[in-house]
Amino acid sequence: MVLLIGYGNRLRRDDGAGAVLPAMVEGGSPLGSVRAVEAHQLLPEMAEEIAAPEVTGVIFFDACPAVGGMSSVAAVSLAASSGEGALGHHLAPELLLAYAGKLYGRTPPAWLVTVPGEDFSHGEGFSDRARANLAEADHVARALVLRLSGG
């Protein structure tokens, strides 16, 4: 089972793109092949679920500003790292993976899928750019789910 963890603030328009992706991907996936988790932010207690024996991989989803040439979806492989975000307001996925390894002895393969957006103001709904990138991110995530499931 692939664990899908999306985070972001749905009340900050495009920032919610990462939060909605797990449910999108879970919706078209075979029953029991994925588990979707939506959160406002990453939390240390998520390490236990990440390290569970049935988890074959983890995909994190987050939004980012579409600046500096980053206008399309990116997917990067992650490794556990304790280099940043220790007990601060913002917990990095790499640190969460490190917690899983140190506390529970297991760190499954993990990826971060980022969805560029352009409107992070207060409000609901996505910009046209974020909406287009959500569709692309859904395709990227489904390919990763197959890869992490061994399919």
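Mentor: Let's start with a term: a residue counts as buried when its relative accessible area is under 20%. Keep in mind that this is a predicted model.

Trainee: With that cut-off, what share of the 151 residues counts as buried?

Mentor: Of the chain's 151 residues, 46% fall in that class. The accessible surface of the chain comes to about 7300 Å², and carbon and sulfur atoms hold 55% of that surface.

Trainee: Why is the chain called as compact as a globular protein of its length?

Mentor: Set the value against the rule: the globule rule gives 15 Å for 151 residues, and the radius of gyration is 15 Å, so the chain is as compact as a globular protein of that length. Its C-alpha atoms fill a box of roughly 40 × 35 × 25 Å along the principal axes.

Trainee: Which pattern does the chain follow along the sequence?

Mentor: Happily, that is quick to read: β-α-β-α-β-β-α-β-α, made from 4 helices and 5 strands.

Trainee: And in what order do the strands lie in the open sheet?

Mentor: The order is 2-1-3-5-4, with mixed pairing.

Trainee: What makes strand 2 (34-39) and strand 4 (74-78) edge strands?

Mentor: Each of these two strands pairs on one side only.

Trainee: How do you know that strand 1 and strand 2 pair?

Mentor: Pairing takes at least two bridges. Strand 1 (residues 2-7) and strand 2 have 6 bridges, in the parallel sense, so they pair. For an example, look at Gly6, which stands opposite Glu38 in strand 2.

Trainee: Which strands does helix 1 touch?

Mentor: Helix 1 (residues 17-27) packs on the sheet and touches strand 1, strand 2, strand 3 (57-65) and strand 5 (110-117).

Technical notes. Residues are numbered from 1 along each chain as its sequence is written. This is a predicted model: local features need pLDDT of at least 70, side-chain atom pairs count only at pLDDT 80 or more; totals for chains, interfaces and linings use all residues. Side-chain values use heavy atoms; hydrogens and water are left out. Contact means heavy atoms within 4.5 Å. Axes are lines fitted to C-alpha atoms, for helices over the stretch in contact, and angles run from 0 to 180 degrees between N-to-C directions. The radius of gyration is taken over C-alpha atoms; the globule rule is 2.2 Å times the number of residues to the power 0.38. Buried means under 20% relative accessible area, exposed over 50%, partly exposed in between (1.4 Å probe, protein chains only). Accessible areas come from the Shrake-Rupley method with a 1.4 Å probe; for residues, only the protein chains shown count as cover.
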